[in-house]
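Visitor: I am new to reading protein models. Could you take me through this one and give the reasons for the terms you use?

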Amino acid sequence: DGREVNFSGPKDALENGVAMVHQELNQCLERSVVDNMFLGRYPKNSFGIVDEGRMKKETANLFRQLGITANLTQPMKKMSVSQREIAKAISYHSKVIVLDEPTSSLTAPEVEKLFKMMRQLKAPGISLIYISHKMDEIFNICDEISVLRDGSLVMTKECKDTDMNETESDDDALADADAKADEKSDEKKGLFKKKKKDKMEEKIEELEQKILLNSRDFVKLNE
């Protein structure tokens, strides 16, 4: 909405329309589909009782929008992983969805289903941030690409204005820069160690000279 926001935690982010689909899904697979959609935020009626009718209605409408056909009372484990990933995030009425390596445990047909649902979400204006190391998938589904390495931004471009060779070369260039920086650091460390060693040797030599002089004086006194 054009506002700059700082979130205190995941719950705060969800309440502001930002959802995260983690690489490892933390869902209660033995509980029903409806239960999983509303875990931790069950709607209640005027009597303070969980409104199961509302839960089923909202979940059914959500699945209809995504083109998902599922028995809402069946255990969550019977749904495909791709459907579980997107459905849960959308149940928060999110405006921004971050997907972290969402295809790591999906089969090829499930990946296609996921991409189809992502395109459906994009149409009404929902933004999706797709985190992946699979470049073919990124160029297949994304409009814009940002390459990061070790927390540093390497480049940001529209996918149509770049290709896999460029993104890989930019990443390699940053890796080379890091390697050179490490070499310089090692050189500095080496010089420091050498200077420290030279100073230590000088001190040892001075001490040896003092010991030699003292021993000579001692001999003279004895004579």
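**Reasons behind the terms**

Guide: Start at one pair of residues: Leu99 stands opposite Tyr130 in S3. Keep in mind that this is a predicted model.

Visitor: What makes S2 and S3 a pair of strands?

Guide: Pairing takes at least two bridges between two strands. S2 and S3 have five bridges, so they pair. They run in the parallel sense.

Visitor: How do you know that S1 pairs with S2?

Guide: Use the cut-off of at least two bridges again. Strand S1 (residues 18–21) and strand S2 (residues 96–100) are joined by four, so they count as paired. These strands run parallel. Val18 stands opposite Val96 in S2.

Visitor: What lies with S2 and S3 in the β-α-β unit?

Guide: Helix H5 (residues 108–122) does, and the unit is right-handed.

Visitor: Why is the contact between Lys11 and Glu15 called a salt bridge?

Guide: The limit is 4 Å from a side-chain nitrogen of Lys or Arg to a carboxyl oxygen of Asp or Glu. Here N to O is 2.5 Å, so the contact qualifies. The two residues are four apart in helix H1 (residues 10–15), which means about one helical turn separates them.

Visitor: Why is Lys11 called exposed?

Guide: Exposed means over 50% relative accessible area. Lys11 has 59%, so Lys11 is exposed. Glu15 has 55%, so the term fits Glu15 too.

Visitor: What makes Arg54 and Glu58 a salt bridge?

Guide: Their closest N and O atoms are 2.8 Å apart. That is within 4 Å, so the term applies. Both sit in helix H3 (residues 52–66), four residues apart.

Visitor: Are Arg54 and Glu58 buried, exposed or in between?

Guide: Partly exposed lies between under 20% and over 50%. Arg54 is at 40%, so Arg54 is partly exposed. Glu58, at 29%, is partly exposed as well.

Visitor: How do you know that Lys160 and Glu158 form a salt bridge?

Guide: N to O is 3.3 Å, which is within 4 Å, so they do. Lys160 is exposed at 66%. Glu158 is partly exposed at 38%. Glu158, Lys160 and Asp161 are linked in a network of salt bridges. The structure holds eight salt bridges.

Visitor: Where is confidence lowest, and where highest?

Guide: Lowest is helix H7 (residues 164–222), with a mean pLDDT of 62. Highest is strand S3 (residues 127–131), at 91. The chain averages 79.

Conventions. Residues are numbered from 1 along each chain as its sequence is written. This is a predicted model: local features need pLDDT of at least 70, side-chain atom pairs count only at pLDDT 80 or more; totals for chains, interfaces and linings use all residues. Side-chain values use heavy atoms; hydrogens and water are left out. Buried means under 20% relative accessible area, exposed over 50%, partly exposed in between (1.4 Å probe, protein chains only). pLDDT is the predictor's confidence in each residue, from 0 to 100. A crossover is right-handed if, with the strands pointing away from the viewer, the path from the first strand over the helix to the second runs clockwise.
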